[in-house]
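Hi,

Here is the structure I promised to pass on. Have a look at it first, and then read on for what I found in it.

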Amino acid sequence: MTPDQQFARLVKISIAMFVFVFGYFMFADAVMPMTPQAMATRMVTKVTPQVSGKIASIKVANNQFVAEGDVLFSIDSASYELAVERATLALEQAKQDNAELDASILAAKADVQANQSNAQQKSSEAKRIDALYSTRGVSQQLADQAQNDAATAEANLLAAKARLTKLIVSRGFNGADNLKVRQAQNHLAQAELDLSYTQIRADQNGVVTNLQLEVGSFATVGQPLLALVSENVDIIADFREKSLQGIEPQSIALVSFDGQPGHLYSAKVSSVDAGVSAGQFDANGRLADPQESVRWVRDAQRLRLHLELDKQAVSLLPAGARATVQLVPNSSFLGFLAKVQIKVISVLHYIY
């Protein structure tokens, strides 16, 4: 075989290999899509105090695992304990004030009865004297004085009733429905709640990170002091939108992490995001800004899906770990090809 024939043969083999590889990638992208644009994420909670004060003690260390309810750090509680004591005294004062009002109400009721008796007596006297005056038995002055005494007694009765009503309104309801007692109890509950906030606890299981606290430093309400990384791992993967045809929740996938080449984790698709930022437009009052491109073939839009790992062996996997995700078709043969494909790619990612 001449050199020219050998060269022509190599060219044909190269073309055939190129056509085969190109065809394989077209086929694989259509029936068993894969993406290296994936990573492990965890929910990160910023821990912020709900009351202000000096840091009294720190119960955790950086990168320490904590369970829900564990104390992370505490704030000096002296002022909040005093607030609870003041609220307790205010509640006792409210109850004592109610007891005094009860006594005043009894006295006011007795005063009403006395004034009522006096008013009735003065009214009877005025009627008798008026009858005598009609027969010229008494003078005009005595009749006028009797009428004035009856009117004064009636006014005193009305004033006594008004004082009684005022005391009853000020006293309010008895028992738990009393307004002053309820207000005092509310202040006490708030003071006790603020006191409980001096113990900052973990709201979920996770790992403490970015701990930058020292005893004696001042904590301010709403200012994050550390981060708590959740133990639950969420795998996000960005696929070209054409690759997600027929993909739905519970679809099977394989995940390989760059730090563990060749090791595959089984996963299931949990959800597909409803959209991406490119499809969000602000109503800012400006005209539309159409996308301009001179390319004949535009870049494919990528959509994000979320996966749940079947195995929790990656509980120590750090947030942000890069991964490769392979969607597995239902066919056993194609499933085998998909498994081989992601193994090869994971090794290449490790090497490169």
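Let me start with strand E10 (residues 264-272), which pairs with E11 in the antiparallel sense over five bridges. One of the positions to look at there is Ser271, whose bridge partner in E11 is His306. Before you go further, keep in mind that this is a predicted model.

E11 has a partner in E8 too: strand E8 (residues 226-240) and strand E11 (residues 302-309) are joined by six bridges, again in the antiparallel sense. If you want to find that pairing on screen, go to Arg240, which has Arg302 as its bridge partner in E11. Asp238 is another place to look, as it stands opposite Arg304 in E11.

E8 is worth following further. Strand E1 (residues 34-47) runs antiparallel to E8, and nine bridges join the two. Within that pairing, Thr41 has Asp234 in E8 as its bridge partner. Strand E6 (residues 206-209) also runs antiparallel to E8, here with four bridges, and Val207 is matched with Val229 in E8 as its bridge partner. How much of E8 is buried? Of its 15 residues, 11 are, so E8 is largely enclosed by the rest of the structure.

Then there is a separate item, an open sheet. It has four strands in the order E5-E4-E2-E7, and the pairing is antiparallel. Which strands stand at the edges? They are E5 (199-201) and E7 (218-219); each has a single partner strand, so one side of each is left without a neighbour in the sheet. Inside that order, strand E2 (residues 53-58) pairs with strand E4 (residues 71-75) over three bridges, in the antiparallel sense. You can locate this pairing from Ile58, which stands opposite Phe73 in E4.

On to the helices. Helix H1 (residues 3-31) packs against helix H5 (residues 332-351) at an angle of about 110°, and their axes are 12 Å apart. The angle falls between 65 and 115 degrees, and H1 and H5 are therefore roughly perpendicular to each other. On the H1 side the contact is made by Tyr24, Phe27, Ala28 and Val31, which meet Leu334, Leu337 and Gln341 in H5. By type, the residues of this contact of H1 with H5 come out as six nonpolar, one polar and no charged.

Next, the aromatic pairs, where the count comes to two. Phe18 and Phe22 make a stacked pair, with 6.1 Å from centre to centre and 20° between the planes. These two are four residues apart in helix H1, which puts about one helical turn between them. Are they buried or exposed? Phe18 has 57% relative accessibility and counts as exposed, while Phe22, at 49%, counts as partly exposed. The cut-off for exposed is over 50%.

The other pair is Phe257 with Tyr265, and this one is edge-to-face: 5.6 Å centre to centre, with 65° between the planes. Here both Phe257 and Tyr265 are buried.

Two single residues to finish with. Ser243 sits in the loop between E8 and strand E9 (252-257). Despite the loop position, Ser243 is buried, as its relative accessible area is 6% and the limit for buried is under 20%. What does Ser243 touch, leaving aside residues up to four places away in sequence? The contacts are Asp29, Pro33 and Leu327.

The second is Gln121, which belongs to helix H2 (residues 78-134). Its relative accessibility is 44%, so Gln121 counts as partly exposed. Gln121 and Val221 are 100 residues apart along the chain, and 69 Å separates their C-alpha atoms.

If you are short of time, I would open E8 and its partners first, and then the contact of H1 with H5.

Cheers

How values were computed:
Residues are numbered from 1 along each chain as its sequence is written. This is a predicted model: local features need pLDDT of at least 70, side-chain atom pairs count only at pLDDT 80 or more; totals for chains, interfaces and linings use all residues. Side-chain values use heavy atoms; hydrogens and water are left out. Two strands pair if DSSP finds at least two bridges between them. Buried means under 20% relative accessible area, exposed over 50%, partly exposed in between (1.4 Å probe, protein chains only). Axes are lines fitted to C-alpha atoms, for helices over the stretch in contact, and angles run from 0 to 180 degrees between N-to-C directions. Angles under 35 degrees count as roughly parallel, over 145 as roughly antiparallel, 65 to 115 as roughly perpendicular and the rest as oblique. Contact means heavy atoms within 4.5 Å. Ala, Val, Leu, Ile, Met, Phe, Trp, Tyr, Cys and Pro count as nonpolar, Asp, Glu, Lys and Arg as charged, and the others, Gly among them, as polar. Rings of Phe, Tyr and Trp (its six-membered ring) pair if their centres lie within 6.5 Å; planes under 30 degrees apart count as stacked, over 60 as edge-to-face and the rest as tilted.
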